[in-house]
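Biologist: I would like to learn how to read helix packing and enclosed space in a model. Could you take me through it?

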2 protein chains.
Amino acid sequence: MNNFVLHTPTRILFGKGQIAHLAAEIPADSKVLITFGGGSVKKNGVMDQVYSALQGFDVQEFGGIEPNPSFETLMKAVEVVKSENITFLLAVGGGSVLDGTKFIAAAAFYPQDPWHILQTGGAEIEQALPVGSVLTLPATGSESNRSAVITRRATHDKQAFRSNHVFPRFAVLDPVYTYSLPPHQIANGVVDAFIHTIEQYLTYPVDARVQDRFAEGLLLTLIEEGPKALADPENYDVRANVMWSATMALNGLIGAGVPQDWATHMLGHELTALHGLDHAQTLAIVLPSLMNIKRDTKREKLLQYAARIWGLHDGSDDQRIDGAIAATRSFFEQMGVPTRFSDYQLDGSSIPQLLSKLEEKGLTALGERQDITLEVSRQIYLDAR
Amino acid sequence: MNNFVLHTPTRILFGKGQIAHLAAEIPADSKVLITFGGGSVKKNGVMDQVYSALQGFDVQEFGGIEPNPSFETLMKAVEVVKSENITFLLAVGGGSVLDGTKFIAAAAFYPQDPWHILQTGGAEIEQALPVGSVLTLPATGSESNRSAVITRRATHDKQAFRSNHVFPRFAVLDPVYTYSLPPHQIANGVVDAFIHTIEQYLTYPVDARVQDRFAEGLLLTLIEEGPKALADPENYDVRANVMWSATMALNGLIGAGVPQDWATHMLGHELTALHGLDHAQTLAIVLPSLMNIKRDTKREKLLQYAARIWGLHDGSDDQRIDGAIAATRSFFEQMGVPTRFSDYQLDGSSIPQLLSKLEEKGLTALGERQDITLEVSRQIYLDAR
């Protein structure tokens, strides 16, 4: 097992009706800015519940944070924070709203152009507004971690940052809030959480048995519950299991003390930036090909994955690996998330552009062994057509 | 899944040499009191490393915190805290030192006789000194939870308390520190962590799939690694897996959103208080009998436990349950922790006294269904002879 530091300070309020305890989580004299996305939280009644829970607080709103939240939009919220002397940010939405709100929290105090936060990965953040959240879409784990991904529309740049200062103070996770999500968002969320888990699991063994089994527990749960979440949208326990899996997949726990990959995310980000595909769609395209191209260096964990997740015990090593890749692809497709460039009307002609972007950012040695060079990335993209 | 609030704010510094980062975890101007037990940390070099890491701090010591830490001893430490104006408590040791230090932290500010903390379960604690820890014995999970158990020697009273104010700020977990532990302490630790997990797992199903699989991951890891920890004491990865399992077993995570039992602990505590048995020994005595006597109400989870942990798929329900109980008993005995009253030269003649103590404390409706009456407790004790 590798050394690690693990810090998971976000208080989790999980379950039906937990919104009732919202006010107790926010300092009494706060000036609260509620941040949200396209407005579905106003239609489905979540925002009414938030307002009702926040009676007595000075509350303002900032809506319109888009999927893959943009620097341009978020900087408008920073202006509101400054002009209105906001002291607490409450994100009501999914991972994009959360990520965007973390950026607002850090940018509000940043002594220079906040784009610098993204250029430096957040390393120079020294303070941030406190953030809390009411989660409506289980997927990214952003509700209890210190990371965020922001896109600059002008240049198609998608950049991550992380800082201890932007850990959400609390997260209200009510599975009922997910009932009204469109099926494709639930599907994307399940695929996203699945691949977050894979990024921290499917590398090489370091005899970290707890971490491996926790990761496997999340994968098995998502495989069992994902299709049910689509078929039976108001099944509380199914939604609860999906929601809790998504949070556990990216709060630091399963990745503590083990190698991590994240190349699927890096290659996927460029597909979103260039073609506007959903985050989860890009991951579903890249992962099966990455498993295939990297089957030699990931062999031991691929075989463990084949056995423990897909029950594949017969045949040669390569047959079992092929079986696990096919099963993974078929799971994503069962969730309604296609896994080939061609499924999205892409023919691969943009691969040189995708590679240029990776090169421009210095992403030329990706993966747990830093051996995914531009040439390997090309093979992965080509294999995914 | 049941509703829950989960808060795990303790920063975990895990791995070889993490002591080097100790100073950064303690406020610079602190007056530190190091608390410890019988002094093994002075013999095995851990204390030297602590002092070396704390250069520049004003440091004092309080040793002699015993296994099953006593109110009487801890109150002496409270006097030191007050007379020396201590501002930070650093527990260096195992669960007993941790538990004792949490009590010192709360008692130092308590406005009335600190025994009241235990009489009220900690409900009225309003502040506490900050606590950090350097863990040397993986077992109780106390390094990252808000609970402690204290014994009043004068009256054989063993009482628990819990409070958000006594969450350790950080825990340094270095598996190397466990190399020099006597085998029976490692054995006790493994059994203790195993049964902590069982208390939160072996109840009735609420379709909490992540929690079940996390618990199963800990049980399987302890079963695999426990015997190796005895046979090969300086195998780093084995000790790391045991240590991490023990922390994860009782930081709130696997118990969030599921029913919990804890009757094994309640019945075991009385065996420690009356006969001075090690905590883990008492649990190893009570658990197999409790599984046997409660096989009807725990049937579904006992069958899941038999299948997923012990691979028992054949035979009738009762045969598989018998098999799982026998396998559990045999695992404890393989660890060198006997599972019968008679193994400890007890013949059961004290059972009426044990029951009187339970009755005195109002512990007459234990377990996840509150259906372990005094009569059921009597059956469990009798079955364990």
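Modeller: In this predicted model, H7(B) passes helix H8 of chain B in a left-handed crossing.

Biologist: How is such a pair of packed helices described?

Modeller: Two numbers serve for packed helices: the angle between the axes and the distance between them. Here the axes of H7(B) and H8(B), the latter covering residues 236-249, cross at roughly 140 degrees and come within 9 Å. That angle makes H7(B) oblique to H8(B).

Biologist: Which residues of H7(B) and H8(B) meet?

Modeller: From H7(B) there are B:Leu218, B:Thr221, B:Leu222, B:Glu225, B:Gly226, B:Lys228 and B:Ala229. They meet B:Asp237, B:Val238, B:Arg239, B:Asn241, B:Val242, B:Ser245, B:Met248 and B:Ala249 of H8(B). By class, this contact of H7(B) with H8(B) has 7 nonpolar, 4 polar and 4 charged residues.

Biologist: At what angle do H6(B) and H7(B) cross?

Modeller: Helix H6 (residues 183-201) and helix H7 (residues 209-231) of chain B cross at roughly 165 degrees, and their axes come within 10 Å. Angles over 145 degrees count as roughly antiparallel, so H6(B) and H7(B) are roughly antiparallel to each other. Their crossing is left-handed.

Biologist: What classes of residue make up the contact of H6(B) with H7(B)?

Modeller: The contact of H6(B) with H7(B) divides into 15 nonpolar, 2 polar and 2 charged residues. On the H6(B) side, the residues include B:Ile186, B:Val190, B:Phe194 and B:Tyr201. On the H7(B) side, B:Asp212, B:Glu216, B:Leu219 and B:Ile223 are among them.

Biologist: And in chain A, how do H6(A) and H8(A) pack?

Modeller: Helix H6 of chain A, residues 183-199, packs against H8(A) at an angle of about 40 degrees, with the axes 9 Å apart. This makes H6(A) oblique to H8(A), and the crossing is left-handed. In H6(A), A:Ile186, A:Val190, A:Ala193, A:His196 and A:Thr197 meet A:Arg239, A:Val242, A:Ala246 and A:Ala249 in H8(A). Sorted by class, these are 6 nonpolar, 2 polar and 1 charged residues.

Biologist: Now the enclosed space. How many cavities of 30 Å³ or more are there?

Modeller: There are 3 cavities of 30 Å³ or more, and the largest holds about 230 Å³ of space. Of the 21 residues that line the largest cavity, the closest to its centre are A:Thr8, A:Asn251, B:Thr8, B:Asn251 and B:Leu253.

Biologist: Which elements give two or more residues to that lining?

Modeller: They are strand S1 (4-14) and helix H8 (236-249) of chain A, together with strand S1 (4-14) and H8 of chain B. S1(B) gives the most, with 5 residues.

Biologist: How do the residues of the lining of the largest cavity divide by class?

Modeller: The lining has 10 nonpolar and 11 polar residues, and no charged ones.

Note on methods
Residues numbered from 1 in each chain as written. Chains lettered and ligands numbered in written order. Predicted model: local features only at pLDDT ≥ 70, side-chain atom pairs only at ≥ 80, totals over all residues. Heavy atoms only, no water. Axes fitted to C-alpha atoms, helices over the stretch in contact; angles between N-to-C directions. Helix = DSSP H or I, 4+ residues; strand = E, 2+ residues; numbered from the N terminus. Parallel < 35°, antiparallel > 145°, perpendicular 65-115°, else oblique. Left-handed = near helix turned anticlockwise from the far one by under 90°. Contact = heavy atoms within 4.5 Å. Nonpolar A, V, L, I, M, F, W, Y, C, P; charged D, E, K, R; others polar. 1 Å grid on protein atoms, 1.4 Å probe; cavity = no way out; pocket = protein on both sides within 12 Å on 5 of 7 lines; lining within 4 Å. Points joined across faces, edges and corners; volume = space filled by probe spheres on them.
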